[in-house]
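Colleague: Could you take me through one part of this model closely, and then show me how it sits in the rest? I would be glad of the reasoning as well as the values.

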Amino acid sequence: MKLVMALIKPFKLDEVRDALTPLGVQGLTVTEVKGFGRQKGQTEIYRGAEYQVSFLPKLKVEVVVPDELTDAVVEAIAKAARTDKIGDGKVFVLDVERALRIRTGETDAAAL
Amino acid sequence: MTRMLLAAMAGLAGVILAAPALADDGPKIDTGDTAWMLASTALVLLMTVPGLALFYAGMVRKKNVLATMMQSFSIAAVVSVVWTVIGYSLAFGDGNAYVGDLSRLFMAGFAGGWDKAFTLGSGASAVATTIPESVFFMFQMTFAIVTPALITGAFADRMKFSALLLFTVLWSILIYSPVAHWVWHPNGWIFALGALDFAGGTVVHINAGVAGLVCALVLGKRVGFGHDNMAPFNLGLAVIGAGLLWVGWFGFNAGSALGAGARAGMALLVTQVAAAAATIAWLLAEWATKGRPSVLGAISGAVAGLVAITPASGFVLPMHALIIGVVAGLAGFWGATALKHMCGYDDSLDAFGVHGICGIVGSLLTGVFAYGALSATPATPAGYAGSFDQFLLQLYATVAVFVFSAIGTFILLQVTNVIVGLRVTEEEEREGLDVTQHGERLA
């Protein structure tokens, strides 16, 4: 199993979700985060004092998928979240050791 | 039996009807005036709690929001007590030209009676009102409350709570009351000079603004100033606060007419015009120089106009208010941005930049634009009119309050420093006042 972690622009969430559903992905977790990469942030001005705001709001989307689905999921997320502008985000893939569905006790692939 | 009863009733009626009129009490309490003054008092208190509390708290960082609100709230409580015990007496007791007296210590004894119309001062220069002294006392208390609360903007994010309380007590008694006496009591030397201040351009705004500047200089800049991101926590709160200030100012200025009538109406009108003009002026200045009109700029502009019209509100006409508003908007914009950067002091929320500068602008322009008819009385049918001489009087009063407030505030800060210290430690400042001074978090 793999944990696919994607950092995307917030307004792209619905598109990403819509791209994952047909692949059989049954759930995902979304967190509001702040971050920056090459997208620098902007200057905000308050009463004449300028502030460089480096951290921009992003969403972290996490989904755990069976190994064989990983590539399709990564590609689907990337395609849905892309705007071709700096700040689109990144996708990471991590290994997952175990999984458990709390209600039924099913494990690993059955838990996804 | 019946005859005796009738006789008794006749006798009683005779006694009641013949009850001698007490010695002539002078002006009677006017319920209309009193009702308006009661409402004004509420409006002005609303300017501090929660108006100023929200206005300032919205502009500081999250870790200091509660502490900033606490400053306004606790000042309301502290000054209420101080005012009752001694502040009012020192401001509005007859006393001499420089300070009142102790005739109203603890508010024991109301002049002529608690249920009589109040007369300020005595003799030829006395000012008769048609409201009870309790209402006059309370209305003035709300001014005494908001003035030190304004100063808190200068030292936001870094003053010890204990120091704030002690400093407020001392400042209210030793700076606010005397200046109020100078300007608003008939015996006061500035009043006697003929300088004009309808609702507190000098007593409140220049006084607090200059005190703020001194505080900012004495306490020093915030840790990380010019480097860290000190963006406002929630400008929405600040906008709400500004709204409360704007509307509350109707009580501040129109209530200073001490009655419900044409003078109050005109004061209300010019207050609105000046606030609106200043808002637009600040926005345009910002748009032109920074590229975008900001919400913070709009609310700051409104306050700038309100500050400037304060001393002028009972003396000028709407078209003058327009001019005063525009000048104030531009002056406030300059004071809160260019002046601050030029001089390098950290007047965090622009106590001097807006209240000090625009208070000065308003006080001086009052001397230029005063329209005699508005302040005409049977004793002075020409009223006070704008002129070069009047302008000089305004300048004199402005400088006097400026100097007194600056020196006095400096001394009181030193005294406070010796007793409890002034500034929190660097670690406390980094952690935030909410947690370190009050043990609380916003959320």
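Modeller: Happy to; here is a walk from one helix out to its core, its chain and a few backbone details. Please keep in mind that the model is predicted.

Let us start with helix 9 of chain B, which covers residues 262-290. With 29 residues at 1.5 Å a residue, this helix should span 42 Å, and its end C-alpha atoms are 42 Å apart, so the expectation and the model agree. After helix 9 comes Gly291(B), with a positive phi near 95 degrees.

Now look at what this helix packs against. Ala278(B) touches a run of partners beyond four places in sequence, including Gly301(B), Ala302(B), Ala304(B), Gly305(B) and Ala308(B). Val326(B), Ala328(B), Gly329(B) and Gly332(B) are also among the residues that Ala278(B) touches. Ala278(B) belongs to the largest nonpolar core, a set of 150 residues, where Ala274(B), Ala278(B) and Ala328(B) have the most contacts. The helix that gives the most to this core is helix 3 of chain B (residues 65-92), with 15 residues. A separate, second core has 14 residues, among them Ala19(A), Val65(A), Val73(A) and Ala76(A).

Stepping back to the whole chain, chain B has 16 helices and 2 strands. Its radius of gyration is 23 Å, close to the 22 Å from the globule rule for 443 residues, so chain B is as compact as a globular protein of that length. Of those 443 residues, 55% count as buried. Among contacts in chain B with a separation of 6 or more, 76% join residues 24 or more positions apart.

As for the partner chain, 11 residues of chain B are in contact with 7 residues of chain A. On the chain B side there are 4 nonpolar, 5 polar and 2 charged residues.

Some backbone details deserve your eye too. The peptide bond from Val49(B) to Pro50(B) is cis, with omega near 5 degrees, and Pro50(B) is found in helix 2 of chain B (residues 31-57). Asp350(B) has a positive phi of about 65 degrees although it is not a glycine, and it lies in the loop between helix 12 (338-343) and helix 13 (351-369) of chain B. Is Asp350(B) buried or exposed? Asp350(B) counts as buried, because it has 28 C-beta neighbours inside 10 Å. In chain A, Asp84(A) also has a positive phi, near 65 degrees, but Asp84(A) is exposed, with 5 other C-beta atoms within 10 Å.

Terms used:
Residues are numbered from 1 along each chain as its sequence is written. Chains are lettered from A and ligands numbered from 1 in the order in which they are written. This is a predicted model: local features need pLDDT of at least 70, side-chain atom pairs count only at pLDDT 80 or more; totals for chains, interfaces and linings use all residues. Helices (H or I, at least four residues) and strands (E, at least two) are DSSP runs, numbered from the N terminus. The expected span of a helix is 1.5 Å times one less than its number of residues. A nonpolar core is a set of buried Ala, Val, Leu, Ile, Met, Phe, Trp, Tyr and Cys residues joined through C-beta atoms within 7 Å. A residue is buried if 20 or more other C-beta atoms lie within 10 Å of its own, exposed if 12 or fewer, and partly exposed in between; C-beta atoms are placed from the backbone. Two residues are in contact if their C-beta atoms, placed from the backbone, lie within 7 Å. The radius of gyration is taken over C-alpha atoms; the globule rule is 2.2 Å times the number of residues to the power 0.38. Ala, Val, Leu, Ile, Met, Phe, Trp, Tyr, Cys and Pro count as nonpolar, Asp, Glu, Lys and Arg as charged, and the others, Gly among them, as polar.
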